[in-house]
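Dear colleague,

Please find below the sequence and structure that I am handing over to you. My findings follow directly after them.

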Amino acid sequence: MSGHGFHVHGPHDHAVEHAAHSNDKFSGNIAVTTAILATIGAMFGYQGGATQNDAALFKNNAAIAKTEASNRWNYYQSKSAKQNLAELAMTLPNVDPEKYKAEVARYKSEKEEIKKDAESWEAKSAEWDKKSDLALHQHHQWALATTAEQIAISLAAITLLTNRKWLQVATYIVAGAGIALGVFAWLHIDPIGALTGGGH
């Protein structure tokens, strides 16, 4: 504890800090690697959060557009009901059918415009849904990249504590895989989906 408040450290933080101040080249390399991986992991985590927020925003926009489409279709139905009443009125005795013919024609014309508007809102809703699905898929890719970097940081800490060269190699392999996943996420490429047949 310092004069500025509490400082919470992870179990490997002390070892990393000690290695950074020692003259041991192996430990120094691992300490630098850990700092670099933490920075990369933080950037990947930020991107993952941003794409998750985008997916939620796009899904909200899709719901708004769907509601607007539903409102237009309800309006369309009300015009259809009025048209049906006008058509029925034309068949009644002692009524001027020409008066109702004009109303029927007006309702038909109004319905066409309302239908186009409703279909336009439905198309917008489908487009926002698609954008949301793509953003959520990209979020999962960023999450995989972030997880790989976190695993690499843990391996680096174990490497530092055990002084095992093979763990250092494993750390670099996992970190490299995480960076590759992050690059693929940034480029909107899904290598895992392509391998499993579900890629975009």
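**Helix H4 and its surroundings**

In this predicted model, the residues of H4 that are buried are Leu167, Gln168, Thr171, Ala175, Gly178, Gly182 and Ala185. These residues lie on the same side of H4, because the arc they cover around the axis is only 105 degrees. On the face turned away from that buried side, H4 carries Lys165, Trp166 and Ile173, which are exposed.

The length of the helix was also checked. H4 comprises 22 residues (165-186), which at 1.5 Å a residue should span 32 Å; the C-alpha atoms at its ends are 32 Å apart, so the two values agree. Just after H4, His188 adopts a positive phi of about 60 degrees.

What, then, covers the buried residues of H4? The cover includes two helices, H2 (25-90) and H3 (97-162).

The packing of H2 was examined in further detail. The axes of H2 and H4 are 11 Å apart and form an angle of about 20 degrees. Angles under 35 degrees count as roughly parallel, and H2 is therefore roughly parallel to H4. The crossing in which H2 passes H4 is left-handed.

As to the residues involved, H2 contributes Phe26, Ile30, Thr33, Leu37, Ile40 and Phe44, which meet Lys165, Gln168, Thr171, Tyr172, Ala175, Gly178, Ile179 and Gly182 of H4. Among these H4 residues is Lys165, which is listed above as exposed, and also Gln168, which is buried.

Yours sincerely

Technical notes. Residues are numbered from 1 along each chain as its sequence is written. This is a predicted model: local features need pLDDT of at least 70, side-chain atom pairs count only at pLDDT 80 or more; totals for chains, interfaces and linings use all residues. Side-chain values use heavy atoms; hydrogens and water are left out. Helices (H or I, at least four residues) and strands (E, at least two) are DSSP runs, numbered from the N terminus. The expected span of a helix is 1.5 Å times one less than its number of residues. Buried means under 20% relative accessible area, exposed over 50%, partly exposed in between (1.4 Å probe, protein chains only). The arc is that of the directions from the helix axis to the C-beta atoms. Contact means heavy atoms within 4.5 Å. Axes are lines fitted to C-alpha atoms, for helices over the stretch in contact, and angles run from 0 to 180 degrees between N-to-C directions. Angles under 35 degrees count as roughly parallel, over 145 as roughly antiparallel, 65 to 115 as roughly perpendicular and the rest as oblique. A crossing is left-handed if the near helix is turned anticlockwise from the far one by less than a right angle, and right-handed if clockwise.
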